[in-house]
Amino acid sequence: MGSAFEPDGAGVSEGARAAPDPRLRPYLGDYAGYRLRGFPPGVHIGMPSTALTVIVTIDEPIELPVSCHPAQPGGRWDALASGLTVRPCLIGHHGYQHGVQLALTPLGARVLFGVPTADLGSWLVDLTDLLGPRAAELRERMAATADWSRRFAILDQVLLDLMREATIEPELRRAWQLLTGSAGRARVAAVAEEIGWSRRHLGSRFAAEFGITPKDAARLARFESSHRLLRTVATEATEPGTGASLAEVAAATGYYDQAHMAREWRELAGLPPSRWLECEVFPFVQGPVPELLEG
């Protein structure tokens, strides 16, 4: 548990972070609870990643004026899930956000939702469409208590009840591990050769399961690595000129150079990393900062 104040005293971040029940850990990352209040109204960027995102709000619905799917209008959701995408979305706020965020693995989509990741695509999906009345039950039960430990226990109970037997083809699981576990450094041709498939066969089967191409999976992994490092650098750079430079971050995360990283950020985040560092309201309070959120 913890809280952090913005330097100007305008905003406060409170929340908690905890690992799920051991039986759920192959399928999702840590539970991340958050309550952000007192910030100036505005929007922040929902970044693409190699995990499926699930958000269950407490109090107010979450508003996304711009979806990550070009054919989907913005909207408001009490609870939502999204698949994998190479486009950002915009999340609106009035200075206040309260809820829990989960990051599911592709196998988690099959085990907990009963569908492959590709079925979600890059759409924002109301959690009720996937879980039925259990989605409303989950939100109501979490909103009925202010204790983060209790909220996470409720998540454990509901998700364990939803678990079903499911698998992903071994070759596809291995390809996913190679492409994302290397932070995007693995070459698609080498991955295809290792699993014994042609590159074309890998591409078609990979997209049918995950909803993105093998190349995009590698791009997302590398982008995610740079995003994580930039957020850490920004958090730790307490004085002007301290911390790693953008060129050093680009080199450390596998880009050819800073210009290459900037081009990828424009496509995946909608703006270059230098601009994100300047304008993002919540880069320090929404990331998994251990001293703030472990509990």
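At roughly what angle do the axes of helix 4 and helix 5 cross, and within what distance do they come? The legends below address this question and further close-up views of the predicted model.

**Figure 1. Packing of helix 4 against helix 5 in the predicted model.** The axes of helix 4 (residues 133-143) and helix 5 (residues 148-162) cross at roughly 165° and come within 9 Å. Because angles over 145 degrees are classed as roughly antiparallel, helix 4 is roughly antiparallel to helix 5. The crossing of the two helices is right-handed. On the side of helix 4, the contact involves R134, E137, L138, R141 and M142; helix 5 contributes R150, R151, I154, L155, Q157, V158, D161 and L162. By class, the residues of this contact comprise 6 nonpolar, 1 polar and 6 charged.

**Figure 2. Contact of helix 6 with helix 8.** The axes of helix 6 (residues 170-181) and helix 8 come within 11 Å and cross at roughly 90°. Helix 6 and helix 8 are therefore roughly perpendicular to each other. Helix 6 supplies L172, A175, W176 and L179 to the contact, and helix 8 supplies L202, R205, F206, E209 and F210. The residues of this contact divide into 7 nonpolar, no polar and 2 charged.

**Figure 3. Aromatic pairing of F206 and F210, and an aromatic cluster elsewhere in the chain.** A search of the whole structure yields 7 aromatic pairs. In the pair formed by F206 and F210, the ring centres are 4.5 Å apart and the ring planes stand at 55°, so the pair is classed as tilted. Both residues belong to helix 8 (residues 199-210), where they are 4 residues apart, about one turn of the helix. An α-helix has 3.6 residues a turn, so residues three or four places apart point the same way. F206 is buried, with a relative accessible area of 0%, and F210 also counts as buried, at 2% relative accessibility. Both F206 and F210 take part in the contact with helix 6. Separately, Y31, W148 and F152 form one aromatic cluster.

**Figure 4. Surroundings of S122.** S122 is located in the loop between helix 2 (117-120) and strand 11 (124-126). Its relative accessible area is 11%, so S122 is buried. Apart from neighbours within four places in sequence, S122 is in contact with C68, H69, L84, T85 and R87. For one of these residues, H69, the C-alpha atom lies 5.5 Å from that of S122, although S122 and H69 are 53 residues apart along the chain.

**Figure 5. Enclosure of helix 1.** Helix 1 (residues 106-113) has 7 of its 8 residues buried, so it is largely enclosed by the rest of the structure. The buried residues are P106, L107, G108, A109, V111, L112 and F113. Following helix 1 is G114, which has a positive phi near 80°.

**Figure 6. The whole chain as context for the close-up views.** The secondary structure of the chain comprises 13 helices and 11 strands. Of its 295 residues, 51% count as buried. Among contacts in the chain with a separation of 6 or more, 71% are between residues 24 or more positions apart.

Terms used. Residues numbered from 1 in each chain as written. Predicted model: local features only at pLDDT ≥ 70, side-chain atom pairs only at ≥ 80, totals over all residues. Heavy atoms only, no water. Axes fitted to C-alpha atoms, helices over the stretch in contact; angles between N-to-C directions. Parallel < 35°, antiparallel > 145°, perpendicular 65-115°, else oblique. Left-handed = near helix turned anticlockwise from the far one by under 90°. Contact = heavy atoms within 4.5 Å. Nonpolar A, V, L, I, M, F, W, Y, C, P; charged D, E, K, R; others polar. Phe/Tyr/Trp six-rings, centres within 6.5 Å; stacked < 30°, edge-to-face > 60°. Buried < 20%, exposed > 50% of the residue type's maximum accessible area, 1.4 Å probe, protein only.
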